[in-house]
Amino acid sequence: MAVIAAGAEEALEQARDYTFKGRLTDVGDAAHQETATADCADEETSPWPDPSGGCGADFLLCLSCENSRVHTGHHPRLALRAAS
């Protein structure tokens, strides 16, 4: 039983790590880098830095980054992804 409990606790911690940490905005900002799921307000301070600079994260991690900004232009793509 302890192994199952440990696995459940680990899954919970991983889920918490991948929750939405960005911000919702009404419109996009031309100064932000566009990704498939969100706009990036500051790729230089990514939690997943690329060795050559900038962000090294897969675009699917964008929503769990504090630098992400989601506006109404992203809603159709996000709804489609959630439905699949």
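A residue counts as exposed when its relative accessible area is over 50%, as buried when that area is under 20%, and as partly exposed in between. Keep these words in mind for the views below, which come from a predicted model.

**Figure 1. The whole chain, from one end to the other.** Welcome to the protein chain, which holds two helices and four strands. Starting at the N terminus, its elements follow the order α-β-β-β-β-α. Of the 84 residues here, 21% are buried. How much of the contact count comes from residues 24 or more positions apart? Among contacts with a separation of 6 or more, such residues account for 61%.

**Figure 2. The four-stranded sheet.** Here the strands come together in an open sheet with the order β1-β4-β3-β2 and mixed pairing. The edge strands are β1, residues 23-24, and β2, and each of these pairs on one side only. Look next at β2 and its partner β3, which spans residues 39-40: the two run antiparallel and are joined by two bridges. Glu34 has Asp39 of β3 as its bridge partner.

**Figure 3. A salt bridge between Arg77 and Glu34.** Side chains of opposite charge can pair when their charged atoms come close. In this view, Arg77 and Glu34 form a salt bridge, with 3.6 Å between the closest N and O atoms. Arg77 belongs to helix α2 and Glu34 to strand β2 (residues 33-34), so the pair ties together parts that are 43 residues apart in sequence. A search of the whole structure finds one salt bridge. Are the two partners buried or exposed? Glu34 is exposed because its relative accessible area is 52%, while Arg77, at 36%, is partly exposed.

**Figure 4. His71 and His74, two histidines in one loop.** His71 sits in the loop between β4 (68-70) and α2 (75-83), and His74 is also placed in the loop between β4 and α2. His71 has a relative accessible area of 14%, so this residue is buried. His74 is buried too, because its relative accessibility is 0%. Which residues does His71 touch, not counting those up to four places away in sequence? They are Thr25, Asp26, Val27, Gly28 and Asp39. With the same kind of neighbours left out, His74 touches Thr37, Ala38, Asp39 and Arg69. Asp39 is thus a residue to find in this view, since it touches both His71 and His74, by the cut-off of heavy atoms within 4.5 Å.

**Figure 5. Phe20 meets distant parts of the chain.** Where is Phe20 found? Its place is the loop between α1 (2-17) and β1. Phe20 is partly exposed, because its relative accessibility is 40%. Although Phe20 and Leu63 are 43 residues apart in sequence, their C-alpha atoms are 5.2 Å apart in space. Setting aside neighbours within four places in sequence, Phe20 is in contact with Leu63, Ser68 and Val70.

**Figure 6. Thr45 and Asp50 in the loop between β3 and β4.** Thr45 and Asp50 both lie in the loop between β3 and β4. Each is partly exposed: Thr45 because its relative accessible area is 47%, and Asp50 because its relative accessibility is 28%. Cys55 links the two stories in this view. From Thr45 to Cys55 there are 10 residues in sequence and 7.7 Å in space, C-alpha to C-alpha. Asp50, leaving aside its neighbours within four places in sequence, is in contact with Cys55 and Gly56.

**Figure 7. The largest pocket and its lining.** Rolling a probe the size of a water molecule over the atoms shows where empty space is left. The largest pocket holds about 170 Å³ of space. Which residues line this pocket? Gln33, Thr35, Asp39, Cys40, Glu43, Trp48, Cys55, Ala57, Cys62, Cys65, Asn67 and Ser68 do. By kind, the lining of the largest pocket divides into six nonpolar, four polar and two charged residues. Some of these names have appeared in earlier views: Asp39 is the bridge partner of Glu34, Cys55 is in contact with Asp50, and Ser68 is in contact with Phe20.

Conventions
Residues numbered from 1 in each chain as written. Predicted model: local features only at pLDDT ≥ 70, side-chain atom pairs only at ≥ 80, totals over all residues. Heavy atoms only, no water. Buried < 20%, exposed > 50% of the residue type's maximum accessible area, 1.4 Å probe, protein only. 1 Å grid on protein atoms, 1.4 Å probe; cavity = no way out; pocket = protein on both sides within 12 Å on 5 of 7 lines; lining within 4 Å. Points joined across faces, edges and corners; volume = space filled by probe spheres on them. Nonpolar A, V, L, I, M, F, W, Y, C, P; charged D, E, K, R; others polar. Salt bridge = Lys/Arg side-chain N within 4 Å of Asp/Glu carboxyl O. Pairing = 2+ DSSP bridges.
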